[in-house]
Amino acid sequence: MSTIADGPDTSLMRKAYARWAPIYDIVYDGLTASARRDAVAAALACGNKVLEAGVGTGLSLGDYPAQANVIGFDISEHMLLRAQDKVAKHKLSHVRLLTVMDACRLGFPDAAFDAVVAQFLITLVPHPERALDEFLRVLRPGGEIILANHFGVDDGPIARAEEAVAPAVRKLGWSSAFKTRRIETWAEQHPAASLVEVRPAFPLGFFKIIRVRKVG
Ligand SMILES: C[S@@+](CC[C@H](N)C(=O)[O-])C[C@H]1O[C@@H](n2cnc3c(N)ncnc32)[C@H](O)[C@@H]1O
């Protein structure tokens, strides 16, 4: 498997996920399954050519049907090796390529995909707007960026509840510091991006699905 030249941001992330890789599925599979399925359904509504950004151990790859055409990338080769094992074990022939890549520097041409799915990724990227710019670039007009993640809310009782549970959920790698508003602001400022929806997902809206369409 190929590797990439590390910057300071990416090398820390790669070290962290080298440690997470052996236990990732045990911790996250059940928790994220419902949101993952929602995200995959939203992507397939756009078409079959899907880019799975930060595909990790490939938990969502089995949710795509045989006629899909899925390319996945991740910054961690340790996570990707587990995704490759799933592809081989379950004969997921719709997965055309798994490769090491940084979300902020995609090696794909413009307008190559119907949908870019980023599940539990965007809040980890040090420059999320750069990644969103790249996702938009590789989408065809009318295609969508689908984000599945925990995003914090700005204020009100839910924001206070998030603060109360913050120490516990931080242990699982989730922070409420990254607000939905940040994605909305990026979309407002980008002429080719249109926010379609912010939808609560299981459990109880803790995860959200955000859809952004490429216009023009
Ligand atoms: C929380 S895991 C989510 C994995 C998978 N999407 C899922 O839902 O199970 C986050 C993944 O993002 C990857 N990642 C973090 N920063 C990245 C970046 N800049 N570019 C590509 N992948 C990145 C990590 O290596 C890790 O596999």
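Of the 19 residues around the ligand, which come nearest? In this predicted model, the residues that come nearest are G54, D74, D102, A103 and Q119. For three of these residues a polar contact can be described: a polar backbone atom of G54 lies 2.7 Å from a nitrogen atom of the ligand, an N or O atom in the side chain of D74 is 2.6 Å from an oxygen atom of the ligand, and a polar side-chain atom of D102 is placed 3.0 Å from a ligand nitrogen atom. The ligand taken alone exposes 590 Å², and 96% of that area is buried by the protein. Two elements, α1 (8-20) and β2, give two or more residues to the shell around the ligand, and by class this shell has 13 nonpolar, four polar and two charged residues.

Strand β2 also belongs to an open sheet of seven strands, in which the order is β3-β2-β1-β4-β5-β7-β6 and the pairing is mixed. Because β3 (95-100) and β6 (193-201) stand at the edges and have a single partner strand each, one side of each is left without a neighbour in the sheet. On average, and with direction ignored, neighbouring strands of this sheet are turned by 15° against each other.

At the edge formed by β3, the partner strand β2 (residues 69-74) runs parallel to β3 and is joined to it by five bridges, with I71 standing opposite L97 of β3. Helix α3 (residues 77-89) packs on the sheet and touches both β2 and β3, and the direction of this helix makes about 165° with that of β3.

Conventions:
Residues are numbered from 1 along each chain as its sequence is written. This is a predicted model: local features need pLDDT of at least 70, side-chain atom pairs count only at pLDDT 80 or more; totals for chains, interfaces and linings use all residues. Side-chain values use heavy atoms; hydrogens and water are left out. Two strands pair if DSSP finds at least two bridges between them. Helices (H or I, at least four residues) and strands (E, at least two) are DSSP runs, numbered from the N terminus. Axes are lines fitted to C-alpha atoms, for helices over the stretch in contact, and angles run from 0 to 180 degrees between N-to-C directions. Contact means heavy atoms within 4.5 Å. A residue is near a molecule or strand if one of its heavy atoms lies within 4 Å of it. A polar contact is a pair of N or O atoms within 3.5 Å; within protein, one must be able to donate a hydrogen and the other to accept it, and residues adjacent in sequence count only if both atoms are side-chain atoms. Accessible areas come from the Shrake-Rupley method with a 1.4 Å probe; for residues, only the protein chains shown count as cover. Ala, Val, Leu, Ile, Met, Phe, Trp, Tyr, Cys and Pro count as nonpolar, Asp, Glu, Lys and Arg as charged, and the others, Gly among them, as polar.
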